[in-house]
Amino acid sequence: MISINFLILILFYHWVMDFVAQTRHVAETKSESFTTVFMHACLYMMPAFVINAIAFVFNQFYLPTYIAFSSWIFVNGIAHLVQDFYTSRTQAYLHTQNKTKLFWNSLGFDQFAHIAFAVLSYKWIILPILSNG
């Protein structure tokens, strides 16, 4: 079972990296450029990799846990890239068509899908390793 503390950490990290740290330029152009959405996904993953590496170096994680969290971060980054590649284009279209309610619903569903995938992939990737270690 996922701990409530880790769930809150996922939510906070996602909010910071997908909203606070995302520049207006990225938000406005990721629907037009694969390079921009790719850079957004890389920047989304980078702090988590750094935190994970620091925890490992300072002996907070054993190697299997470090590998599990690294895999989880990478899988979520790729999922974020693929999802934003499509949803940013959908949202840009809805915005240009003045379909305001559909735009906001799409944005809200995008966020739900990011979080749902993060939680489910934690269950699939992290929990099996932690329960065996």
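Two residues are said to be in contact when heavy atoms of theirs lie within 4.5 Å. In this predicted model, residues 24 or more positions apart account for 70% of the contacts in the protein with a separation of 6 or more.

The protein contains five helices and zero strands, and from the N terminus on the elements therefore follow one another in the order α-α-α-α-α, since helices and strands are numbered from that end. Along the principal axes, the C-alpha atoms fill a box of roughly 50 × 25 × 20 Å. Of the 133 residues in the protein, 37% are buried, while the accessible surface comes to about 8,500 Å², with 72% of that area belonging to carbon and sulfur atoms. As for charge, the protein carries 6 positive and 5 negative side chains, and the centres of these two sets are 7 Å apart.

Helix H3 was examined in more detail. This helix comprises the 24 residues from 34 to 57, for which a span of 34 Å is expected at 1.5 Å a residue, and the distance of 34 Å between its end C-alpha atoms agrees with that expectation. The expected value is 34 Å because the rise of 1.5 Å is multiplied by one less than the number of residues in the helix. H3 nevertheless bends by about 25° at Met45, and a proline, Pro47, follows within four residues of that position. Met45 is also one of the buried residues of H3, among which are Thr36, Val37, His40, Ala41 and Tyr44, together with Ala48, Asn52 and Ala55. The cover over the buried residues of H3 includes helix H1 (4-20), helix H2 (24-29) and helix H4 (63-96).

Within helix H2 lies Ala27, which counts as partly exposed because its relative accessible area of 46% falls between the limits of 20% and 50%. Ala27 and Ser88 are separated by 61 residues in sequence, yet their C-alpha atoms are 8.4 Å apart in space.

A further residue considered here is Asn98, which is found in the loop between H4 and helix H5 (100-132). Although Asn98 is not a glycine, its phi is positive, at about 55°. Asn98 is classed as exposed because its relative accessible area, 64%, is over 50%.

Technical notes:
Residues are numbered from 1 along each chain as its sequence is written. This is a predicted model: local features need pLDDT of at least 70, side-chain atom pairs count only at pLDDT 80 or more; totals for chains, interfaces and linings use all residues. Side-chain values use heavy atoms; hydrogens and water are left out. Helices (H or I, at least four residues) and strands (E, at least two) are DSSP runs, numbered from the N terminus. Buried means under 20% relative accessible area, exposed over 50%, partly exposed in between (1.4 Å probe, protein chains only). Accessible areas come from the Shrake-Rupley method with a 1.4 Å probe; for residues, only the protein chains shown count as cover. Lys and Arg count as positive and Asp and Glu as negative; His and the chain ends are not counted. The place of a charge is taken as NZ of Lys, CZ of Arg, CG of Asp or CD of Glu. The bend at a residue is the angle between axes fitted to the seven residues ending there and the seven starting there.
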